[in-house]
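Look at the sequence and the model together before reading on. The paragraphs below go from the whole chain to single residues and the contacts they make.

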Amino acid sequence: MKYINRISVLLSFLTVLLFSACNTDQEGPLYTEGEGQGVTFISKSLDGVVVSPAEPTFTIDLLRSNTTSAYSGEIIISAVLNKMPFEGCTVTGFNFAAGENKTTITVDVTPLQISQVITVTLALSVPEGDVAISGTAQASFTVIKDYNWQELGEGTFTDNYFFGGTNKVKVFKAEGFDRYRVVGPYDGYYANGLPADLVGDFMLSTARVSNLDFWIEDGAVLYNKFAIGLNYVGGGDVLAYHPSNFKGVPTEFNKVVDEKTIQLAPYYFIEELSGGFNGATSDGVVIITLP
C-alpha cells in the first residue's frame, strides 16, 4: 500500500544540518611544443579510487606534449588519513618511450585498511621547464579499500512509499562486518515505468542507485544517500537520505525488524528545492528481506 497519492500536496521544507558541497576543479592541460617535455597529470583533482583487499594497486595516467625522445622521471607521493599523515603508500616512476605522449604510473596502497578513506597527492619530481604550460604537476584524489563482498543469495526489495510491489534482488554481505549490499534494488520498477499516481508529478530520471549499501550499528540501520530514479517535475532528482542528516527528524524507523527483515525510512530530499517528502516517520516505507 502506498503512503501517497498526489505527492505534490505533501511537499515540505526542512532545514538541513549536515550538508556539504564540493566543487571539483577540472583543469584540462594545454600543450605547447618547445624544448621542455610538457608533462602533466590530466587534472589536479582526479576521480576517487576504490581498491579491493586482494588488489590494492591502480594506475594513473600522465600525458606529455614533446614526444621527440624517451623521457623518465620520479613521482612523490603523500597521503592523509583523518588529517594525519598516512605512511606506507608507494608509487612508481614514469617512463615515456620515444613518440609516446601517454604513460601510466602505479600506486600501491597496501597499508590501507578496509573502509578507510585517504587523500593521496602525487607530484611530479621534474624540472619546472618540463611541466606542460597550463598543465598541472600535482594531482589529488581519495582512495578507499572496499570490503570483501560475499553473495548471500536472492532477497526482496519493496519501496512502499513511491512504487509499491516487490523486486527480487541479489544480496551480498561484507566478510566480517554487519554490512550488506542490495544490487539494483529499483531496476524492476524502472522496467515497469511510472505508477499511474506518480504521472504528472514525476518522471523517471537517469540518477539511479546501482548498489544500495546499508550497515547495522547497535540495532540501528544506517546508509548513505541514494538516488531512487525519480525526478520531481519542476524540482530535481529525488534522493533518499538517512534522517540523521536533518534536524529534528526521527530515525527509529530505520531498524532491524527481525533476523531476515530490514526496514529503511528515508527522508526523500530534492536538493534544488531544499525540501522533500518525509518518509522517516512511518513504518514499512522500504522493506528488505535477506536470503
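What share of the 291 residues of the protein chain counts as buried? The figure is 43%. The model is a predicted one, and its protein chain has one helix and 24 strands. The chain exposes about 14500 Å², and 50% of that area is supplied by carbon and sulfur atoms. Among contacts in the chain with a separation of 6 or more, 65% are between residues 24 or more positions apart.

One sheet can serve as a starting point. Four strands form an open sheet, with antiparallel pairing, in the order β2-β4-β9-β7. Its edge strands are β2, residues 40-41, and β7, residues 90-91, each of which pairs on one side only. Strand β2 runs antiparallel to β4, residues 57-63, and two bridges join them. Within this pairing, Thr40 stands opposite Leu63 of β4.

Thr40 deserves a longer look. This residue lies in strand β2. Is Thr40 buried or exposed? Thr40 has a relative accessibility of 0%, so it counts as buried. Thr40 also meets a residue from another part of the sequence: Thr136 is 96 residues away along the chain, yet the two C-alpha atoms are 5.2 Å apart in space. The side chain of Thr40 reaches the backbone nitrogen of Thr136 at 2.8 Å.

The next topic is charged side chains. How many salt bridges does a search of the whole structure find? The search finds four. One of the salt bridges found is between Lys102 and Asp61, whose closest N and O atoms are 3.5 Å apart. Lys102 lies in strand β9, residues 102-108, and Asp61 lies in strand β4, so this pair ties together parts that are 41 residues apart in sequence. Both strands appear in the sheet order β2-β4-β9-β7. Lys102 counts as partly exposed because its relative accessibility is 42%, and Asp61, at 26%, counts as partly exposed as well.

Another salt bridge joins Lys225 and Glu271, with 3.4 Å between the closest N and O atoms. This pair links distant parts of the chain, 46 residues apart. Lys225 is in the loop between β17 (220-223) and β18 (226-232), while Glu271 is in the loop between β22 (267-270) and β23 (275-278). Lys225 has a relative accessibility of 47% and so counts as partly exposed. Glu271 is partly exposed too, with a relative accessible area of 39%.

A further salt bridge is formed by the side chains of Arg181 and Asp213, at 2.8 Å from N to O. Arg181 belongs to strand β14, residues 179-183, and Asp213 to strand β16, residues 211-217, so the pair ties together parts 32 residues apart in sequence. Arg181 and Asp213 are both buried.

Arg181 leads on to Asp146. Where does Asp146 lie? Asp146 is in the loop between β11 (138-145) and β12 (149-159). Asp146 is buried but has no salt bridge. The nearest side chain of opposite charge is that of Arg181, 4.3 Å away; a salt bridge is counted only within 4 Å, so this pair is not one. Even so, Arg181 is among the residues in contact with Asp146 once neighbours within four places in sequence are left aside. The others on that list are Val50, Val51, Pro53 and Ile114. The side chain of Asp146 also makes a polar contact, at 3.3 Å, with the side chain of Trp149.

Two loop residues remain, and for these the backbone is the topic. Phi of Asn82 is near 50°, which is a positive value in a residue other than glycine. Asn82 is found in the loop between β5 (71-81) and β6 (84-85). With a relative accessible area of 65%, Asn82 is exposed. Ser134 likewise has a positive phi, near 65°, and is a residue other than glycine. Ser134 lies in the loop between β10 (117-125) and β11. At 44% relative accessibility, Ser134 counts as partly exposed.

Note on methods
Residues numbered from 1 in each chain as written. Predicted model: local features only at pLDDT ≥ 70, side-chain atom pairs only at ≥ 80, totals over all residues. Heavy atoms only, no water. Buried < 20%, exposed > 50% of the residue type's maximum accessible area, 1.4 Å probe, protein only. Lys, Arg positive; Asp, Glu negative; His and termini not counted. Polar contact = N/O pair within 3.5 Å; in protein donor to acceptor, adjacent residues only side chain to side chain. Contact = heavy atoms within 4.5 Å. Pairing = 2+ DSSP bridges. Areas by Shrake-Rupley, 256 points an atom, 1.4 Å probe, with all protein chains shown as cover.
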